[in-house]
Amino acid sequence: MNLVQRVQDILLRPKHTWPEIEAESTDAATLYREYVLILAAIPAIAGFIGLSIIGAGAFGVSFRLPIVSGLVQAIVSYGLSLVMVYVLALIVDALAPSFGGQRSPIQALKLVAYASTAGFVGGIFGLLPSLAVLGALVGLYSVYLFYTGVPVLMKCPADKALVYTVVFALCAIVASLVLGALLSVFTPAPRMPVGALPLALPLA
């Protein structure tokens with residue numbers, strides 16, 4: 001799999017790309033190694049550079065997170081992003097029968113991993129903390145990616161895809177808040193977002 005091409009295809013041609021993804025034979029280890037581990041590093045690294053190297057500031061007041069604290073935060077944020085992808089995939093798989101779909105753990109994992117692409121890529125805005133909100137807005141495109149992919153990968157009827165997406169999004173918000181609370185235990189404010197979310201919500 002060509003990583004750059006896949007990112008371009010899922011972002012620009014999702015309706016054409018999902019059938020290709022559905023037909024691909026893979027496993028969780030390969031999907032993480034070739035895609036998730038790489039893209040999930042974008043918001044973690046960008047956030048570290050933005051908060052610890054460049055710094056945040058407004059109205060003449062600037063702030064830089066200490067290097068060690070920034071590294072710890074980046075590592076924890078990265079790890080939670082990886083966990084989030086897996087947890088959300090479990091939720092997607094469990095919800096499938098309720099919306100007329102078919103359960104498939106690997107298809108659910110592919111759906112969450114690739115739908116999260118916009119959230120991962122949007123994390124690049126973390127390089128400039130003042131623009132981090134733009135990353136969250138870009139990440140909202142992942143909701144649309146999920147919506148276009150769920151009928152293909154989870155085999156749910158098209159007329160139930162929207163409700164499936166809304167329910168999943170609510171679950172993602174709850175999961176985000178829970179992991180955000182965990183992140184706050186290990187790292188001081190301000191905190192980086194966990195960029196693996198389909199909603200790309202900042203964990204406050």
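The following paragraphs describe the fold, the nonpolar core, selected helices and the local confidence of a predicted model of one protein chain.

The predicted protein chain contains 10 helices and two strands, and these elements follow one another along the sequence in the pattern α-α-α-α-β-β-α-α-α-α-α-α. Of the 204 residues in the protein chain, 47% are buried. Among contacts with a separation of 6 or more, 73% join residues that lie 24 or more positions apart. The mean pLDDT of the chain is 84, with 85% of the residues reaching 70 or more. Confidence is under 50 throughout residues 191–204, although the model has 63 contacts beyond four places in sequence for this segment. Where pLDDT is low, the predicted coordinates should not be read in detail.

The largest nonpolar core comprises 43 residues, of which W18, V92 and Y164 touch the most other members. At least two residues of this core are supplied by each of helix 1, helix 2 (14–23), helix 3, helix 5, helix 6, helix 7, helix 9 and helix 10 (161–186), and the largest share, nine residues, comes from helix 5. When residues up to four places away in sequence are not counted, W18 touches I10, K110, L111, Y114, A115, L145, T148, G149, V152 and L153.

Several of these partners of W18, including L145, T148, G149 and L153, also appear among the buried residues of helix 9, which are S142, L145, F146, T148, G149, V150 and L153. Helix 9 covers residues 141–153, and because its 13 residues should span 18 Å at 1.5 Å a residue, the separation of 18 Å between its end C-alpha atoms agrees with expectation. Just after helix 9, K155 adopts a positive phi of about 60°. L153 is also in contact with Q107, which, leaving aside neighbours within four places in sequence, further contacts E22 and M154. Q107 is found in helix 6 and, with a relative accessible area of 11%, is therefore classed as buried, the value being under 20%.

Helix 3, formed by residues 28–39, likewise agrees with its expected length, because its 12 residues should span 16 Å at 1.5 Å a residue and its end C-alpha atoms are 15 Å apart. At the start of this helix, a side-chain oxygen of D27 reaches to within 3.3 Å of the backbone nitrogen of A29. The buried residues of helix 3 are T30, L31, Y32, Y35, V36 and L39. These buried residues pack against helix 1 (3–12), helix 4 (41–54), helix 5 (67–95), helix 6 (105–115) and helix 7 (117–122). An α-helix has 3.6 residues a turn, so residues three or four places apart point the same way.

In the loop between helix 7 and helix 8 (132–139) lies L128, a residue with a relative accessible area of 41%, which is therefore partly exposed. The C-alpha atom of L128 is separated by 8.2 Å from that of G47, although the two residues are 81 residues apart along the chain.

With regard to cysteines, C156 is buried, with a relative accessible area of 4%, whereas C171 is partly exposed, at 26%. A disulfide is a covalent bond between the sulfur atoms of two cysteines, and the count of disulfides in the model comes to zero.

Key: Residues numbered from 1 in each chain as written. Predicted model: local features only at pLDDT ≥ 70, side-chain atom pairs only at ≥ 80, totals over all residues. Heavy atoms only, no water. pLDDT = per-residue confidence, 0-100. Contact = heavy atoms within 4.5 Å. Disulfide = S-S within 2.5 Å. Buried < 20%, exposed > 50% of the residue type's maximum accessible area, 1.4 Å probe, protein only. Helix = DSSP H or I, 4+ residues; strand = E, 2+ residues; numbered from the N terminus. Expected span 1.5 Å × (residues − 1). Polar contact = N/O pair within 3.5 Å; in protein donor to acceptor, adjacent residues only side chain to side chain. Core = buried A, V, L, I, M, F, W, Y, C linked by side-chain atoms within 4.5 Å.
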